[in-house]
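Here is a short briefing to read with the structure open beside you. It starts with the ligand and its surroundings, then moves on to the sheet.

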Amino acid sequence: GLLRVDHVGIAVADLDEALTFYSETFGMHCVHEERNEEQGVREAMIAADPDGTGARIQLLAPLRPDSAIAKFLDRNGPGLQQLAYTVKDVEAASDALRARGLRLLYESPRRGTAGSRINFVHPKDAGGVLVELVEPA
Ligand code: V0V
């Protein structure tokens, strides 16, 4: 099952500009940053609390025009793109949701932030929310 909210993902056009905005406006700081070529994103995890162990926001910027984030930006502009939950076992969690009739986007998990394993529930099967399942490394 779902353990907790892992992060909330926000699509942005430019990661460096967004990092500056969140830092200068909200005093949030970056706890992790990476490029994920398969997902076509440059992403940064940011946190409000000083030790970075509380809720995190994932800023997602497109690397390519055909990526999921580029398509989202074209359609909606910047804003909330996904809600991610931590799970212990992403395969088991995906199977449980499939058994309840939900469509998972990937047959088997793919690589997510910081070596995690991830899958997604189709937003049309989850009340209009792109739900991500994250099994941390
Ligand atoms: C699309 N739709 C959404 C949505 N994206 N609804 C809510 N939230 C979103 N983010 C709606 C869209 O408006 C359509 O509704 C409908 O879903 C189906 O759209 P589609 O044209 O069939 O599909 P696309 O091309 O818009 O793609 C949507 C999906 C795509 C979700 C299939 O974005 C995807 O594969 N996402 C998973 C990968 C991902 O998001 N990667 C970036 C983050 P109407 O118009 O028909 O009503 S990478 C990441 O999170 C990492 C690395 C990490 O966390 O570690």
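Helix 2 gives five residues to the shell around the ligand, the largest share of any contributor. Please keep in mind that this is a predicted model. In this model, the ligand sits in the largest pocket. Strand 4 (56-62), helix 2 (68-76) and strand 5 (79-87) are the elements that each give two or more residues to the shell.

**Who surrounds the ligand**

- The ligand has 22 residues around it, and the closest are R75, Q82, T113, K124 and E132.
- Sorted by class, the shell holds nine nonpolar residues, nine polar residues and four charged residues.

**Polar contacts to the ligand**

- K124 brings an N or O atom of its side chain to 2.7 Å from an oxygen atom of the ligand.
- For E132, the distance between a side-chain N or O atom and a ligand oxygen atom is also 2.7 Å.
- H7 has a side-chain N or O atom 3.4 Å from an oxygen atom of the ligand.
- On its own the ligand has 1000 Å² of accessible area, and the protein covers 71% of this.

**The sheet as a whole**

- If you trace the strands across the fold, you will find eight of them in an open sheet, in the order 2-3-4-1-5-8-7-6.
- The pairing in this sheet is mixed.
- Strand 2 (29-36) and strand 6 (110-111) are the edge strands, so named here as each pairs on one side only.

**Strand 4 and its partners**

- Strand 4, one of the elements that contribute to the ligand shell, pairs with strand 1 (residues 2-11) in the parallel sense over five bridges.
- H7, whose side chain has an N or O atom 3.4 Å from a ligand oxygen, has R56 in strand 4 as its bridge partner.
- Strand 3 (residues 41-47) also pairs with strand 4, in the antiparallel sense and over seven bridges.
- To find your way along strand 4, look for Q58, which stands opposite M45.

**Strand 5 and its partner**

- Strand 5, another of the elements that give two or more residues to the shell, pairs with strand 1 in the antiparallel sense over eight bridges.
- A handy pair to look up here is R4 and T86, with T86 in strand 5 standing opposite R4.

Terms used. Residues numbered from 1 in each chain as written. Predicted model: local features only at pLDDT ≥ 70, side-chain atom pairs only at ≥ 80, totals over all residues. Heavy atoms only, no water. Near = heavy atom within 4 Å. Polar contact = N/O pair within 3.5 Å; in protein donor to acceptor, adjacent residues only side chain to side chain. Areas by Shrake-Rupley, 256 points an atom, 1.4 Å probe, with all protein chains shown as cover. 1 Å grid on protein atoms, 1.4 Å probe; cavity = no way out; pocket = protein on both sides within 12 Å on 5 of 7 lines; lining within 4 Å. Sits in = over half its atoms within 2 Å of the grid points. Helix = DSSP H or I, 4+ residues; strand = E, 2+ residues; numbered from the N terminus. Nonpolar A, V, L, I, M, F, W, Y, C, P; charged D, E, K, R; others polar. Pairing = 2+ DSSP bridges.
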